[in-house]
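Me: I am new to this structure and would like a friendly walk through its pockets and its ligand. Could we take it one question at a time?

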Amino acid sequence: MKILITSGGTREKIDPVRYIGNYSSGKMGAALADAFAAHGAEVKVISGPAEVHYRVPMQRVESAREMLSVVEESLPVDIFISAAAVADKRPKYYSADKMKKESFENIELVNNPDILRTIAISAKRPKFVVGFAAESENHLENARKKLTKKSCDLIVLNDIKALGSDENEVWLVSKTSEKKLEKAPKKEIAEEIVKFIMGQYRG
Ligand code: CTP
């Protein structure tokens, strides 16, 4: 079984020394990769900058657009897990020269492609597609909306408090069920998520 996982955060360049990024550590993506590998799956990770070390084959990318093109090149797979914290926006213009502080007050942004949705609605859609939601309010309601909007089979919902932490507490939200996994180390949570996905995948 082939599993593709995006992990870490993306960086969107402003100029040669500045970027837009986020605090994603890549810990959840790495824990999921290990858990799938332990089940005998062939796992590939595509990661933006992250502090973790991956124990499975990994391809490093920087921006969201780069991540999308490597994901597309890596298909077909059986299961796609979109665990990366992808920057929703990027600067409209990249400045090849370092911008002087006197020369700008604002940075104009444009939308990045939605990697998860693009893959989930594509002709090469893997059989099972998993998205993540990091919410700070109306958690379940937002996760249910995301499940439909992004055409996923499952949303792994967590609170933004989990960012960078070694522990996590998640909800698994699918069209037919909602299951809470109580707070535990990310390694244990990942094992539970993988068991759930395998069960759903095999029907
Ligand atoms: N995602 C993606 N490409 C993007 C943005 C997000 O693949 N450009 C994926 C993430 O990997 C994750 C899910 O979509 O699986 C998160 O959804 P998103 O709507 O980005 O969540 P938020 O960033 O929390 O969005 P919002 O602020 O609108 O709630």
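Me: By class, how many nonpolar, polar and charged residues does the lining of the second largest pocket have?
Reply: Happy to help, and please keep in mind that this is a predicted model. The second largest pocket holds about 290 Å³ of space. Of the 15 residues that line this pocket, those closest to its centre are Asp159, Lys161, Ala162, Asn168 and Glu169. Sorted by class, the lining has five nonpolar, four polar and six charged residues.

Me: Which element gives the most to the lining of the second largest pocket?
Reply: Let's start with the candidates. The elements that give two or more residues to this lining are helix H4 (139–149), strand S10 (154–159), strand S11 (167–173) and strand S12 (178–185). With five residues, the one that gives the most is S11.

Me: Where does the ligand sit?
Reply: A look at the space on offer helps here. The largest pocket has about 870 Å³ of space, and of the 36 residues lining it, Ala84, Ala85, Val86, Phe132 and Ala134 are the closest to its centre. Phe132 is also among the residues that come nearest to the ligand. The ligand sits in the largest pocket.

Me: Which elements give two or more residues to the lining of the largest pocket?
Reply: By class, this lining has 16 nonpolar, 13 polar and seven charged residues. Two helices and two strands each supply two or more of the lining residues: helix H1 (27–38), helix H3 (115–120), strand S9 (128–135) and S10.

Me: Which element gives the most to the shell around the ligand?
Reply: The shell has seven nonpolar, two polar and four charged residues. Two elements, H3 and S9, give two or more residues to this shell. With three residues, the one that gives the most is S9.

Me: How far is an oxygen atom of the ligand from a polar backbone atom of Phe132?
Reply: Let's go through the polar contacts in turn. A polar side-chain atom of Asp88 lies 3.4 Å from an oxygen atom of the ligand. A backbone N or O atom of Pro113 lies 2.9 Å from a nitrogen atom of the ligand. For Phe132, the contact from a polar backbone atom to a ligand oxygen is 2.8 Å.

Me: How much of the accessible area that the ligand has on its own does the protein cover?
Reply: There are 13 residues around the ligand, and Ser82, Ala84, Pro113, Leu116 and Phe132 come nearest. On its own, the ligand has 580 Å² of accessible area, and the share covered by the protein is 75%.

Me: Is the peptide bond from Leu75 to Pro76 cis or trans?
Reply: First, the place: Pro76 is found in the loop between helix H2 (64–73) and strand S6 (79–82). Omega of the bond from Leu75 to Pro76 is near 5°, and the bond is cis.

Me: What is the value of phi for Asn138?
Reply: Asn138 lies in the loop between S9 and H4. Asn138 is a residue other than glycine with a positive phi, and its value is near 40°.

Methods. Residues are numbered from 1 along each chain as its sequence is written. This is a predicted model: local features need pLDDT of at least 70, side-chain atom pairs count only at pLDDT 80 or more; totals for chains, interfaces and linings use all residues. Side-chain values use heavy atoms; hydrogens and water are left out. A residue is near a molecule or strand if one of its heavy atoms lies within 4 Å of it. A polar contact is a pair of N or O atoms within 3.5 Å; within protein, one must be able to donate a hydrogen and the other to accept it, and residues adjacent in sequence count only if both atoms are side-chain atoms. Accessible areas come from the Shrake-Rupley method with a 1.4 Å probe; for residues, only the protein chains shown count as cover. On a 1 Å grid over the protein atoms alone, a cavity is a set of points where a 1.4 Å probe fits but cannot get out, and a pocket is an open set with protein on both sides within 12 Å along at least five of seven lines; lining residues have an atom within 4 Å of a point. A molecule sits in a cavity or pocket if more than half of its atoms lie within 2 Å of its grid points. Helices (H or I, at least four residues) and strands (E, at least two) are DSSP runs, numbered from the N terminus. Ala, Val, Leu, Ile, Met, Phe, Trp, Tyr, Cys and Pro count as nonpolar, Asp, Glu, Lys and Arg as charged, and the others, Gly among them, as polar. Grid points are joined across faces, edges and corners, and a volume is the space filled by probe spheres set on the points.
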